[in-house]
Amino acid sequence: MPEPISPEALSALLGRWANGRGPLYLLLATRLRALIDEGTLPSDTPLPPERRLATLLAVGRGTVVACFDRLREDGYVLRRQGSGTRVAPRSQPVAHTVGNAPNTPQFLSMFQENTTDAVLLACVAPDAPPRELQDAYAQAADQLTTVHGDIGVHPAGHPALRQAVAERYTHRGLPTTPDQILVTNGAQQALDLLVRGYVSAGDTVLCENPTYPGALALFGAASAVVRTVPVGGEGVDVTRLLDRFAGSRPVLAYLIPTFHNPTGTVIPPARRRRIAAAARQYDVMLVEDETMVDLPFDDPAPPPLASYPGGEQVVTVGSLSKSVWGGLRIGWVRADAEVISQLLRLRTLAGMSGEFCSQLAAASLFPVLDDLAHRRATALRHRFEHLVNEFAEHLPTWQWVRPQGGQSMWVRLPEGEAGAYTQIAARHGVVLLPGDALTPGGGTSPWVRIPFSGDRDTLSTAVRRMRAAWVDYAARRPLRASTLDQMVM
């Protein structure tokens, strides 16, 4: 019989269940029905007690009772007095299972279409293509008229794009040749290939806490054992990281050393040197995610980890999704030839090749990428300052880590649990990512990731809705008098 699922684990699986129209009990029932249909909640799984689940979801107990009653009527759960509620046996096998990946549904929910007027602050990326990208596609279309003797399938990536990526690394102090580059459909596919190629069930993987939820979803799908190292004001705690290298012997370590997601911190050069040397000493594949590297507020990013002694153990992942546009699905892996060869086999089996015209367009962007990224980084810094001013006026008791770049800030609630608060925030029209979605193992967290990539009006609207949700949340739980005093206008 399956183990009971905790309220915290179920909340993570539910994701943005309340973001829709209609009674809350029906929205909750619809999401639970989907989790049962896809096999994430297997037959006979005991569900949490109504009162505990209601508290974590920030709803009344009656909402959960009505939800469970509806699922019982539909044949999805069994309810017996004294025995609680459990998933009913299914007459047909499910099509697939998600595996040991508690972060997967919440990660997928970040990309759901917005069917309401909610402000979506769960997924962070530019929300419109820049004019340079439009010009690049026009140029690529012209180039298509001159293509001959080329079937358009390049599993490792179009030669022009690989050359452009390699030259950019060389310019940053990391000599690179095109055969050290594999082009992927975004950084997420690059990480997926690395996990599929080098991580087996039961292997130990090391990452920061907090970290990018897409990576956590991949580690969970691979049934890896995830060990963590905390992030401080200068990035990952290097002493703890090296202790983990020695004690846990991970097969792979995943770090975001530059404009860390979600804290925006940067690991200084001296610490990078220690990390690269330790990766070589302990024979750890070190995956460096540089997705945010082109978005500094002030000082430019330090050289990549792979440029330091020991860097032959480092695999660098990059992308154009944050500096250009999320719809341009161009990412890459920079590694030694042996790793590229292994990943190329997996890349070819997964989808043969990336889209030809998009790669031509991406290659033509590199000569103007510095100017384009600088313009975006400057806009992000101004939007961050606007968001901070809005917090000072409307949510003065909230605290945050000041980012050095990137697109989001890591915000701590004065009290309470982010999971419960974000459920209420969704009902007030602002969708946020709670800290448990960025924390290996889930659990409760007082932190929320809040991006500042939207325009000023959108950010102002979001903060006002967050404040309304915070007042609502305060009314549902006892808070300190000082917290309440600062919320009352």
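There are 13 salt bridges in this structure, which is a predicted model. Three of those pairs get a closer look below, along with an open, mixed sheet of 8 strands and a helix whose buried residues touch strands and helices alike. Let's start with the charges.

**Salt bridges: Asp69 and Arg79**

- Asp69 and Arg79 pair up through their side chains, with an N to O distance of 3.2 Å.
- Asp69 sits in helix 4 (residues 61–73) and Arg79 in strand 1 (residues 77–80), so this contact ties together parts 10 residues apart in sequence.
- Asp69 comes out as partly exposed, at 25% relative accessible area.
- Arg79 is partly exposed too, with a relative accessibility of 24%.

**Salt bridges: Glu132 and Arg375**

- Glu132 and Arg375 also make a salt bridge, and their closest N and O atoms are 2.9 Å apart.
- This one links distant parts of the chain, since Glu132 belongs to helix 6 (residues 131–144) and Arg375 to helix 14, with the two positions 243 residues apart.
- Buried or exposed? Glu132 has 14% relative accessibility and counts as buried.
- Its partner Arg375 is partly exposed, with a relative accessible area of 34%.

**Salt bridges: Arg196 and Asp192, plus a network**

- Arg196 bridges to Asp192, with 3.1 Å between the closest N and O atoms.
- Both residues are in helix 8 and 4 residues apart, so about one helical turn separates them.
- Arg196 has 43% relative accessibility, which makes it partly exposed.
- Asp192, at a relative accessible area of 22%, is partly exposed as well.
- Elsewhere, Glu50, Arg61, Asp69 and Arg79 are joined into one network by salt bridges that share partners.

**The sheet**

- The 8 strands of the open sheet line up in the order 4-11-10-9-8-5-6-7, with mixed pairing.
- Which strands stand at the edges? Strand 4 and strand 7 (235–236) do; each has a single partner strand, so one side of each has no neighbour in the sheet.
- Strand 8 (residues 252–255) and strand 9 (residues 285–289) run parallel and are joined by 4 bridges.
- Within that pairing, Leu252 of the chain is found opposite Met285 in strand 9.

**Helices across the sheet**

- Helix 8 (residues 186–198) lies across strands 4, 8, 9, 10 and 11, and its direction makes an angle of about 150 degrees with strand 10.
- Helix 8 is also where the Arg196 and Asp192 pair is found.
- Helix 11 (residues 269–281) lies across strands 7, 8 and 9, running at about 145 degrees to strand 9.

**Helix 7**

- How far apart are the end C-alpha atoms of helix 7 (residues 159–171)? They are 18 Å apart, which agrees with the 18 Å that its 13 residues should span at 1.5 Å a residue.
- The buried residues in helix 7 are Leu161, Arg162, Ala164, Val165, Ala166, Arg168 and Tyr169.
- Those buried residues pack against strand 4 (181–184), strand 10 (314–319) and strand 11 (331–334), and also against helix 13 (356–365) and helix 14 (369–394).
- Helix 14 is a familiar name by now, as Arg375 of the pair with Glu132 lies in it.
- Just past the end of helix 7, Gly173 adopts a positive phi of about 95 degrees.

Definitions and conventions:
Residues are numbered from 1 along each chain as its sequence is written. This is a predicted model: local features need pLDDT of at least 70, side-chain atom pairs count only at pLDDT 80 or more; totals for chains, interfaces and linings use all residues. Side-chain values use heavy atoms; hydrogens and water are left out. The expected span of a helix is 1.5 Å times one less than its number of residues. Buried means under 20% relative accessible area, exposed over 50%, partly exposed in between (1.4 Å probe, protein chains only). Contact means heavy atoms within 4.5 Å. Two strands pair if DSSP finds at least two bridges between them. Axes are lines fitted to C-alpha atoms, for helices over the stretch in contact, and angles run from 0 to 180 degrees between N-to-C directions. A salt bridge is a side-chain nitrogen of Lys or Arg within 4 Å of a carboxyl oxygen of Asp or Glu.
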